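The following report describes how helices and strands are arranged in one chain and how that chain meets its partner.

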Amino acid sequence: MSDSELKVGVISCSGEEIPEGTISRLATRRVLELLRPGSTVTICLPLFLAGDGAERDFATKHPTITVDGCDKLCAKKGTEEHSGPVSAALVVSEILNGDCSGCARSARDRTEKDKEAVWLVSEEIAKAVDAILAESGGCVSEAGDDGAACACSKPIPGMELQVDGRSVTIAGLALIFDHLAESGLAADESSGDKLLDTVRIYHPIDPKEEHDYRAALISAYKTHRRI
Amino acid sequence: MPCSGIGKVHGLIAREAAYAVTDELAPAGFETLCLALLVSGDEEARARVREAECIAIDGCPKLCAAKNVEMAGGKVVKSIRVVDAFKDHRGAEPGTPTKLADDGWTIVREIAGGICGGCEGEVR
């Protein structure tokens, strides 16, 4: 497997009994769909643990990050038992410092706190992906790489921006805008720093281009909000 | 016991159908369990499925939930496949693996109702 083809496996626990399991699952999907769509793949943990050789090969083909809801570490232990050591093991309850009171198991009951927890955990997963890719010499940033996909992780389409006359596609920008709008970010000139800081998490921005990106993002955010 | 498949919307429908039963329709009569914990061989989890009658809700034909309950020594009294529920909803737009649309919630309610049709609670 060449570096350009390197994909990091992210295996979430199923965690049906606890809110942290739902957060683990949603954060994993967010990484696959939005944060690192071209360089991550996943598999259903129960299928992986109970599957045949084809499924078991998953972690031998991909450097793997496990994301467990609790300290029972089902994903980590299962993966290591069947396929060998994982590259990183994250635990939702640790990332959230045990503060998951008020979080929900079902999507029906999701609140802002659930969304923030998913954002926080997904960003930790993305950091772990980047660290693995950097160590492997792979490409860290593939935001906007809409061509890459697997059965589990068809990337979300990007949105095109005009940055200083240059066309730039940012994966999932519409979702980023939606989230910021839900968070109450005003669609005016004051939103520039927040837009820049948030988009930078998902899309590389050269410091020399910050001014142009800020202007382009404010304009696009206003258009998105139809202001 | 839902499969909680992560790759397609079917897994999320299975999961939400389980919650609809355990959290809304009949909390006193049903409970769920982490499938991964069961599959990983946790003794307490295995004991819980052996002591109960289990309903498996699987998203896809691989039937991970049903098979793993049986492998743990549990009795599957009903095995539900979400893909079968779609047969009555041709052209439905159920949502994504992370968010259900109205059609997805409709299927959730149907599956939950099929598990617990006589229960007193209501699914939102």
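In this predicted model, helix H5 (residues 74-83) of chain A lies across E1, E3 and E4 of chain A, and its direction runs at about 145° to E3(A). Helix H7 (residues 112-136) of chain A lies across E1, E2, E3 and E4 of chain A, running at about 175° to E4(A). The two helices are set side by side in the table.

| Helix | Strands it lies across | Angle |
|---|---|---|
| H5(A), residues 74-83 | E1, E3 and E4 of chain A | about 145° to E3(A) |
| H7(A), residues 112-136 | E1, E2, E3 and E4 of chain A | about 175° to E4(A) |

The strands beneath this description belong to an open sheet of 4 strands in chain A, ordered E2-E1-E3-E4 with parallel pairing, and its edges are E2 (40-41) and E4 (88-91) of chain A, each of which pairs on one side only. Strand E1 (residues 8-12) of chain A pairs with E2(A) in the parallel sense over 2 bridges, and Val8(A) stands opposite Thr40(A) in E2(A).

H7(A) has 25 residues and reaches 36 Å from its first C-alpha to its last, close to the 36 Å expected at 1.5 Å a residue. Its buried residues, among them Val118(A), Val121(A), Ile125(A) and Leu133(A), pack against E1, H1, E2, E3, E4 and helix H6 (92-95) of chain A.

Which numbers of residues does the contact take from chain A and chain B? Each chain gives 29 residues, and on the side of chain A that touches chain B, helices H1 (19-35), H2 (45-50) and H5 of chain A each supply at least two residues. That side of chain A divides into 13 nonpolar, 8 polar and 8 charged residues.

Note on methods:
Residues numbered from 1 in each chain as written. Chains lettered and ligands numbered in written order. Predicted model: local features only at pLDDT ≥ 70, side-chain atom pairs only at ≥ 80, totals over all residues. Pairing = 2+ DSSP bridges. Contact = placed C-beta atoms within 7 Å. Axes fitted to C-alpha atoms, helices over the stretch in contact; angles between N-to-C directions. Nonpolar A, V, L, I, M, F, W, Y, C, P; charged D, E, K, R; others polar. Expected span 1.5 Å × (residues − 1). Buried ≥ 20, exposed ≤ 12 C-beta atoms within 10 Å, placed from the backbone.
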